[in-house]
Amino acid sequence: SDEEKMLQRSVREMLKERNSTDYVRGFMKDSTISKDMQKLLAQQGLLGIIDLESKEEKGIVNAIIVSQEAGRSLLAYPLLESMVGLAVLKKEDKQHQQLINDIELGKKTLTVAWANVDAKARKAEEGYVINGTLREVPFAQDADVILANVRINGYGATAEDEETLVVIDGKHSAVTKLSSQSVDETYPLYEINLANYPLKKEHLVGKAGMGSGHQKMKKMRELGSLLLAAEIVGCSERALYETVEYTKQREQFGTVIGSFQALKHMAAEMYMKVESGKVAVDYAAWAVDTDNEEAEEAVAIAKSY
C-alpha cells in the first residue's frame with residue numbers, strides 16, 4: 001500500500017544516512033551498540049512495532065518491511081530481538097510495563113537467548129537461582145535485558161512443562177558473557193554463563209512452568225525466523241543490484257562484462273531467486289498476521305527458501 005511504501009522509503013533513507021557502510025565497518029571493529037542508533041530507532045517507533053494482542057493488523061507486515069531495510073543496510077543493532085521480545089512482553093504488560101516503556105523509549109537494550117544449553121532454576125534459601133549456559137545471544141555484550149527460556153525445577157512433570165520465559169539482567173554480576181566469534185561480524189553472538197543468578201517472581205514472563213515458556217519461545221522463534229528471512233531478502237536484493245551495476249561498469253577485453261550472455265543468465269537467475277524469496281516472506285507475513293492455519297508452514301518455507 002502507499003503507507004507501506006512510505007514506511008519503506010523512510011526507513012531506507014534513514015538507515016542509508018545513519019547506518020552507512022563506514023559506520024558498519026566501524027562496528028565490526030568495535031562491536032559496541034550506538035546509543036544514537038538506539039535512540040533513533042526508538043524515536044521512529046520501530047522497536048515495538050508488533051502487537052500480538054491486536055484483533056486486526058498485528059504489525060507483522062510493517063515489521064518485515066523494516067527488517068528488509070535493516071538487512072539491506074546490515075543494521076548493527078538487535079532490532080529483530082527487540083521487535084520479537086517486546087511483542088511477547090506486551091502480552092504480560094501489567095507486570096512488565098515499565099520495562100516495556102524503557103525498551104521502546106531506547107533507555108534499555110533487549111536481546112533474546114535463542115538456545116538454552118542447560119540453564120535451569122532450582123530452589124534456594126530465597127526463591128530460586130539459575131545455573132547453566134545460554135547460547136546464540138545476539139549483541140549480549142551491551143544488552144541490559146536478556147529474555148531466556150529456562151527450566152524451573154518442580155513446575156512440571158516433564159522438562160518441557162518446566163520451561164518458563166524469564167527476564168535476566170544482562171549487567172548482573174552473576175552473568176558472564178563470552179563471544180562466540182560468529183561469522184557475521186555485524187551480528188555478534190555470545191555465550192552466557194549464569195552462576196547462581198537470583199530468580200524472583202517479578203522476573204517471570206507470565207506463569208511459571210506449565211509449558212508456558214515452551215509456547216512463548218515457539219512463537220518467538222516463528223516471528224524471529226520470519227523477520228530473519230526478511231532481513232536476508234533485503235540483503236540479497238542489495239547484493240543483486242550492486243552486482244548488476246558492477247557488471248555495467250567492469251570491462252574485460254575492451255567489453256563491458258554485463259553484455260556477456262552467461263552473466264545475463266546468472267543475473268536473471270539471481271533476480272528470480274530474490275523475487276521468489278520476497279514473495280515467500282510476504283505470504284508468510286500475511287499468514288502470521290491473520291492467524292492463518294498455514295502460518296507455521298509458510299514461515300518455514302520462507303526461511304528455508
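Student: Let's start at the surface: is Met272 buried or exposed?
Tutor: Happy to, and keep in mind that this is a predicted model. Met272 sits in helix α9, which covers residues 261-289. A residue counts as exposed when its relative accessible area is over 50%. Met272 has a relative accessible area of 52%, so the answer is exposed.

Student: Which residues make a nonpolar surface patch with Met272, and what is its area?
Tutor: Met272 is joined in this patch by two tyrosines, Tyr241 and Tyr271. The area of the patch made by Tyr241, Tyr271 and Met272 is about 330 Å².

Student: What about charge on the surface: which residues form a negative patch?
Tutor: One member to look at is Glu56, in the loop between α3 (35-43) and α4 (60-72). Glu56 counts as exposed because its relative accessibility is 67%. The negative surface patch is formed by Asp2, Glu3, Glu56 and Glu57.

Student: Ile50 is also in the loop between α3 and α4. Is Ile50 buried or exposed?
Tutor: Good one to set beside Glu56, which counts as exposed. The cut-off for a buried residue is under 20% relative accessible area. Ile50 has 1% relative accessibility, so Ile50 counts as buried.

Student: How far apart are the C-alpha atoms of Ile50 and Tyr155?
Tutor: Along the chain, Ile50 and Tyr155 are 105 residues apart. In space, their C-alpha atoms are separated by 30 Å.

Student: Now the helix at residues 79-89: how many residues of α5 are buried?
Tutor: The buried residues of α5 include Leu79, Met83, Val84 and Leu86, and also Glu81 and Ser82. Helix α5 is largely enclosed by the rest of the structure, because the number of its residues that are buried is 11 of the 11.

Student: Let's turn to the strands. In what sense do β3 and β4 pair?
Tutor: Strand β3 takes in residues 120-123 and strand β4 residues 128-138. The two form a hairpin with four residues between them, and in the turn Gly127 has a positive phi of about 75°. One of the pairings puts Arg122 opposite its bridge partner Val129 in β4. Over four bridges, the sense of the β3 and β4 pairing is antiparallel.

Student: And in what sense does β3 pair with β5?
Tutor: Strand β5 runs over residues 145-152 and shares two bridges with β3. Ala121 stands opposite Ile152 in β5. The sense of the β3 and β5 pairing is parallel.

Student: Is Leu147 buried or exposed?
Tutor: Leu147 is found in strand β5. Its C-alpha is 9.4 Å from that of Val137, and the two residues are 10 apart in sequence. With a relative accessible area of 0%, Leu147 is buried.

Student: How many salt bridges does a search of the whole structure find?
Tutor: Side chains of opposite charge can pair when their charged atoms come close. One such contact joins Glu69 and Arg72, with the closest N and O atoms 3.2 Å apart. For the whole structure, the search finds 13.

Student: Why are Glu69 and Arg72 separated by about one helical turn?
Tutor: An α-helix has 3.6 residues a turn, so residues three or four places apart point the same way. Glu69 is buried, and so is Arg72. The two are separated by about one turn because, in helix α4, they are three residues apart.

Student: Which residue forms a salt bridge with Arg151?
Tutor: Arg151 is partly exposed, since its relative accessibility is 28%. Its partner counts as buried, because the relative accessibility there is 7%. The side chains meet at 2.9 Å, N to O, and the partner is Glu162. The pair ties together parts that are 11 residues apart in sequence, because Arg151 lies in strand β5 and Glu162 in helix α7.

Student: One last pair: is Glu222 buried or exposed?
Tutor: Glu222 meets Lys219 in a salt bridge of 2.9 Å, N to O. Being three residues apart in helix α8 (residues 212-249), they are separated by about one helical turn. Lys219 counts as partly exposed because its relative accessibility is 27%. Glu222 is at 16%, so Glu222 counts as buried.

Note on methods:
Residues numbered from 1 in each chain as written. Predicted model: local features only at pLDDT ≥ 70, side-chain atom pairs only at ≥ 80, totals over all residues. Heavy atoms only, no water. Patch = residues over 30% accessible without salt bridge, like charges linked within 9 Å, V, L, I, M, F, W, Y side chains within 5 Å. Areas by Shrake-Rupley, 256 points an atom, 1.4 Å probe, with all protein chains shown as cover. Salt bridge = Lys/Arg side-chain N within 4 Å of Asp/Glu carboxyl O. Lys, Arg positive; Asp, Glu negative; His and termini not counted. Charge placed at Lys NZ, Arg CZ, Asp CG, Glu CD. Buried < 20%, exposed > 50% of the residue type's maximum accessible area, 1.4 Å probe, protein only. Pairing = 2+ DSSP bridges.
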